[in-house]
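Student: Could you pick one single part of this protein and take me through it slowly? I'd like to see how it fits in with the rest.

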Amino acid sequence: MTFAGGDYGEVGRWLDNTVRSHAKRESPRVEVLTDAEGEREGRSYGVRLRLGERLLPTLPEPAVELSYAEVAQNRGSMAWCAELAGRIRALARRLLQEERAARTSAS
């Protein structure tokens, strides 16, 4: 079974679920913000991770940007999915490390 292709909404839901799944493997407290509206609608998705008030990528840095075509074409590729999972999990770990460092310095 392959999951390549799909309309913009379907691909966006797949991306959000996939990113959420991998972020939550690092910590169930990590939230995913997937932006698919405004200038992005029909063209791309922007992804950020949030833990409390912290965001990664931090503002004003751009979100992790993934084009609709890239996601639709590659979501059936194990190698591409593994690379995306690695990027998301690394961001989630960094977010957790920053939170721990902030708590340690506050005490």
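Tutor: Sure. One term before we start: a helix here is a DSSP run of H or I with at least four residues, a strand is a run of E with at least two, and both are numbered from the N terminus. Counted that way, the protein has three helices and four strands, and along the sequence they come in the order α-β-β-β-β-α-α. Keep in mind that this is a predicted model.

Let's look closely at helix 1, which covers 8–26. Helix 1 is 19 residues long, and from its first C-alpha to its last it reaches 28 Å, close to the 27 Å expected at 1.5 Å a residue. Right at its start, Asp 7 points a side-chain oxygen to within 3.2 Å of the backbone nitrogen of Gly 9. After the other end comes a loop leading to strand 1 (31–35), and Pro 28 sits in that loop. Pro 28 is exposed, because its relative accessible area is 65%, over the 50% cut-off. To get a feel for the distance along this part, take Pro 28 and Val 11: they are 17 residues apart along the chain, and their C-alpha atoms are 23 Å apart.

Now, which residues of helix 1 are buried? They are Tyr 8, Val 11, Gly 12, Trp 14, Leu 15, Asp 16, Thr 18, Val 19, His 22 and Ala 23. Notice that this list includes Asp 16 and His 22 as well as Val 11 and Leu 15. The buried residues of helix 1 pack against strand 1, strand 2, strand 4, helix 2 and helix 3.

Pick out Leu 15 from that list. If you skip its neighbours within four places in sequence, Leu 15 is in contact with Tyr 45, Val 47, Leu 66, Val 71 and Leu 84. Leu 15 also belongs to the largest nonpolar core, which has 25 residues; along with Leu 49 and Val 71, Leu 15 touches the most other members. Two or more residues of this core come from each of helix 1, strand 2 (44–51), strand 4 (64–67), helix 2 (68–74) and helix 3 (78–106). Helix 3 gives the most, with eight residues. As a bit of background, nonpolar side chains in soluble globular proteins tend to be buried together.

Since helix 3 is one of the partners of helix 1, have a look from its side too. Helix 3 has 29 residues and reaches 42 Å between its first and last C-alpha, close to the 42 Å expected at 1.5 Å a residue. Among its buried residues are Trp 80, Leu 84, Ile 88 and Leu 95, and Leu 84 is one of the contacts of Leu 15 that we just met. The cover over the buried residues of helix 3 includes helix 1, strand 2, strand 3 (54–56), strand 4 and helix 2.

Go back to the beginning of helix 1 and find Tyr 8. There are three aromatic pairs in the whole structure. In one of them, Tyr 8 and Tyr 68 meet edge-to-face, with 5.6 Å from centre to centre and 75° between the planes. Why does this pair bridge such a stretch of sequence? Tyr 8 lies in helix 1 and Tyr 68 in helix 2, so the pair ties together parts that are 60 residues apart in sequence. Are the two rings' residues buried or exposed? Tyr 8 counts as buried because its relative accessibility is 16%, under the 20% cut-off. Tyr 68 has 21%, so it counts as partly exposed. With Tyr 45 added, Tyr 8 and Tyr 68 form one aromatic cluster, and Tyr 45 is also among the contacts of Leu 15.

Finally, zoom out. Buried residues make up 37% of the 107 residues in the protein. Of the contacts with a separation of 6 or more, 55% are between residues 24 or more positions apart, and the pair of Tyr 8 and Tyr 68, 60 residues apart in sequence, gives you a picture of parts far along the chain being tied together. The C-alpha atoms of the protein fill a box of roughly 50 × 30 × 15 Å along the principal axes.

Terms used: Residues are numbered from 1 along each chain as its sequence is written. This is a predicted model: local features need pLDDT of at least 70, side-chain atom pairs count only at pLDDT 80 or more; totals for chains, interfaces and linings use all residues. Side-chain values use heavy atoms; hydrogens and water are left out. A nonpolar core is a set of buried Ala, Val, Leu, Ile, Met, Phe, Trp, Tyr and Cys residues joined through side-chain atoms within 4.5 Å. Buried means under 20% relative accessible area, exposed over 50%, partly exposed in between (1.4 Å probe, protein chains only). Contact means heavy atoms within 4.5 Å. The expected span of a helix is 1.5 Å times one less than its number of residues. Rings of Phe, Tyr and Trp (its six-membered ring) pair if their centres lie within 6.5 Å; planes under 30 degrees apart count as stacked, over 60 as edge-to-face and the rest as tilted. A polar contact is a pair of N or O atoms within 3.5 Å; within protein, one must be able to donate a hydrogen and the other to accept it, and residues adjacent in sequence count only if both atoms are side-chain atoms.
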